[in-house]
Amino acid sequence: MKWISKWIWADEPGRKHNQYADFRQAFWLTENEAEQFLRLRISARQEYSLRINGQWVGRGPSPCTPEWQYYDTYDISDYIRSGENVVAAVCYQFGESDIVTGQMQGEAGFLLQIENETGTEIRTATNRTWKARVSPSWRTTNERISRWGGFKEIYLAAEEDGWELPGYSDEGWTQAVEIAGVGETDSPWPNLIPREIPFLAKELRYAVSVVRTETNFGSVSGTEWLLIENVDRAEALLMDASTPGSLPAVVYDFGTEVVGRPILTIDAPKGGVIRIAYGESLELQEVDTFILKHGQQQLQPFGRRACRFLKVMLMAAPEVVTVKGLCFEQVGYPFARQTVFDSGNTRFDAIHEVSLYTTRMNCHDHTEDCPWREKALWVVDGMVMGKIIYANYADTTLMRKCLLQGARIQNKDGSIPGTGPERNAVLLPDFCAYWLLGVYDYWRYSGDMELLRELKPAIDRLMDWFERQTDETGLFARADRPGWWCFIDWTDDVDRRDKVSAISFLYYKALVVYERMQRALTPADAAVDRTSARAKRLNDVIRRQLWLPDLGLYVDCLTDEGQSGHFSLQTNFMAVWCGLMDKTETNRFLDDYYLLGKLPPVRGPFFQHIVLEVLRDAGRQEQALAVIQEYWGAMLNRGATTWWETFDASMPACTIPSTFQGHTPTYLQESIPVSLCHAWGASPAYLLNQLIFGVDLSEAGSRLIRLSPPYLTNGSARIAIPLPHDGTLTIQWAKLNGGDVTGEVTIPGGYQVIAPVSYPLRIVTELSDATPAS
């Protein structure tokens, strides 16, 4: 593969403030050439939308750090013709350094090359011969949506001039400015790598109901014609804003979160202005403005949106505007398979389905913490989502990419930024451990030794960093240093000063899994024994300095003044989860503190996955299921259709998470939008598989499946789980009121099954019956 293209932009190189740039180039093909395969490779900083001969081809690339810049590849054979062809791209540059997560950074640039199948003949490649302009269709002086995301959009439809089509005269355009060649060491993009995941899937979604209609001195009719049940009807929404100052509007409900871009098909005989507001709740925010041209038009914002509720507003239209269509072009990662879950309990089924849907709405070019506020690759969200993906989608490609992107932005000192995918200064010491735990989970599920070998240098540097953070006590010290965020859980109930216990616990757990991965890679290496010794020393230090045997609890932290004297459920659940309490100590903690409510409760959805895993491993199946039914069931009772970032079930039943309604430590901070679609709270999607059906696929990479007794209730239940090496695991049973149980587990051949001798269901493989092993 040879690149002759140059990175270009519409004017001088550098960072561009909220700028849209148009690029075009015409090229000619003979009839014979037009019948051949043609490949197009393309990249941009930050985004492109590509058309060939006026036909839309795609958008991208995957968000990434500039040092490791992705490019996309398309087969464009179906888009070209003999004679003149035009390739056209709109590219966008955010150009702001003031963004909380440190994303969307770097200089503006665009790169494209069209070649034959072998790459020996180049049809066109970006260089100074390309025509370029700063797009006249978008205003650039808009407000930000928030400090976590991009800008609002103002689109001028009247500026559309057919520039994407052959025959257009671009004489008034300027020549593009060359910035750098591909692979040049002093380039802003020194490493160019191909896309590592499939292109996102698209699906049209339609509103399911009308929330309200606002005449506002105008008029509105036909609101119902844009709903899903009427999409095949010819009728349309009519809006009249001819009265001065009128603002007719309609608020539509899509029934649950949708992620992508709305599409409006409109006839505005004499123009007007359409404004769109979005909301995951009915606290709507106006984001997109379209200045209409006269006549027919189809409108869509450039940036990705996410909402449940969408408001269409019309103003300054001399004549009635006809809205012929409104839908949401939903995008998401193209999972090929999905678990079928039927527990026989409608509540658990609903919780499982909402968990899967929340996960899908946060899976795009990478796992995201939330699709609206920031779209960032947060490490801990990815770790939880990885467990969900493995247990329900049998996909390893997405998480492999996410873990690699974490390694590519590793800091020079060895730490891993808490978010991504671009290099940034956001450091959470606990998230450094979670990245390693995510690598371990991936490796065990996938068996991907190649990735483990590739990541080993980054893992070694990370573990060296952890060791350098200890002080003379042997504990991880100064976790509260300026510029760091010692997270643990989104709560004020943990004392996070200096030697924070939970951070040392996570360091210990990281050492344990580090040793296992070292042993898999280089079993004879003396480094394996050194890691084992480090873990033992840290365990001894933790027990000696942070454990109070009389109380049966760990303190939250240790400072120069001594033990903090403060205790939390988070610290002690973390201790159990990291292997720092034995069975007797765990049961004492659960019985004497957790179940009796002697410590402030765990309120947030994220940390509940640790609580539930501890209950699961302690053999407390019914208690874990009760937590899921009560906590997530309470969200369903309040109307949740995706899981919320925060939720305090003790708050009044009329409230949901909001800047002004509570449920969040950022209560009354308007600058921090609250997310109502957060996959870090979707852990029931994998835990219900384990708790109800007793299936553990975490070691599928070794072709090992562990079965434990299912939670047998009266009635019938069935689960079908896709496996990573193809095939499906099926568990089904029926239990009569008299207590008799019939059922079986069906597993594809090639897997080892470990189950207790007393396992109640028949185990069948594709080849022969399997005998349960103790």
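Visitor: Which side chain of opposite charge is nearest to Glu-280, and how far away is it?
Guide: Welcome! This is a predicted model, and Glu-280 is a nice place to start. Glu-280 sits in the loop between β20 (272-279) and β21, and it is buried yet has no salt bridge. A salt bridge needs a nitrogen to oxygen distance within 4 Å. The nearest side chain of opposite charge is Arg-373, 7.7 Å away.

Visitor: Which backbone nitrogen does the side chain of Glu-280 reach?
Guide: Let's look at the surroundings of Glu-280. Leaving aside neighbours within four places in sequence, Glu-280 is in contact with several residues, including Trp-372, Val-674, Ser-675 and Leu-676. At 2.8 Å, its side chain reaches the backbone nitrogen of Leu-676.

Visitor: Which residues are linked with Arg-373 in a network of salt bridges?
Guide: Arg-373 is the side chain of opposite charge nearest to Glu-280, but the two form no salt bridge. Arg-373 does belong to a network of salt bridges, and its fellow members are Asp-369, Glu-374 and Glu-645.

Visitor: How many salt bridges does the structure hold?
Guide: Side chains of opposite charge can pair when their charged atoms come close. In this structure, the number of salt bridges is 50.

Visitor: How many residues apart are Asp-170 and Arg-24?
Guide: The side chains of these two meet in a salt bridge, at 2.8 Å from N to O. Asp-170 lies in the loop between β11 (153-156) and β12 (174-175), while Arg-24 is in strand β2 (residues 19-29). The pair links distant parts of the chain, and the separation is 146 residues.

Visitor: Are Asp-288 and Arg-305 buried or exposed?
Guide: Their side chains meet in a salt bridge of 2.7 Å, N to O. The pair joins strand β21 (residues 285-292), home of Asp-288, to strand β23 (residues 305-315), where Arg-305 lies, 17 residues apart. As for Asp-288 and Arg-305, both are buried.

Visitor: What is the relative accessible area of Glu-467, which meets Arg-534 in a salt bridge?
Guide: This salt bridge has an N to O distance of 3.9 Å. It links helix α8 (residues 526-546), which holds Arg-534, with helix α6 (residues 449-468), which holds Glu-467, 67 residues apart. Arg-534 is buried because its relative accessible area is 11%, and buried means under 20%. Glu-467 is partly exposed, and its relative accessible area is 36%.

How values were computed
Residues are numbered from 1 along each chain as its sequence is written. This is a predicted model: local features need pLDDT of at least 70, side-chain atom pairs count only at pLDDT 80 or more; totals for chains, interfaces and linings use all residues. Side-chain values use heavy atoms; hydrogens and water are left out. Helices (H or I, at least four residues) and strands (E, at least two) are DSSP runs, numbered from the N terminus. Buried means under 20% relative accessible area, exposed over 50%, partly exposed in between (1.4 Å probe, protein chains only). Lys and Arg count as positive and Asp and Glu as negative; His and the chain ends are not counted. A polar contact is a pair of N or O atoms within 3.5 Å; within protein, one must be able to donate a hydrogen and the other to accept it, and residues adjacent in sequence count only if both atoms are side-chain atoms. Contact means heavy atoms within 4.5 Å.
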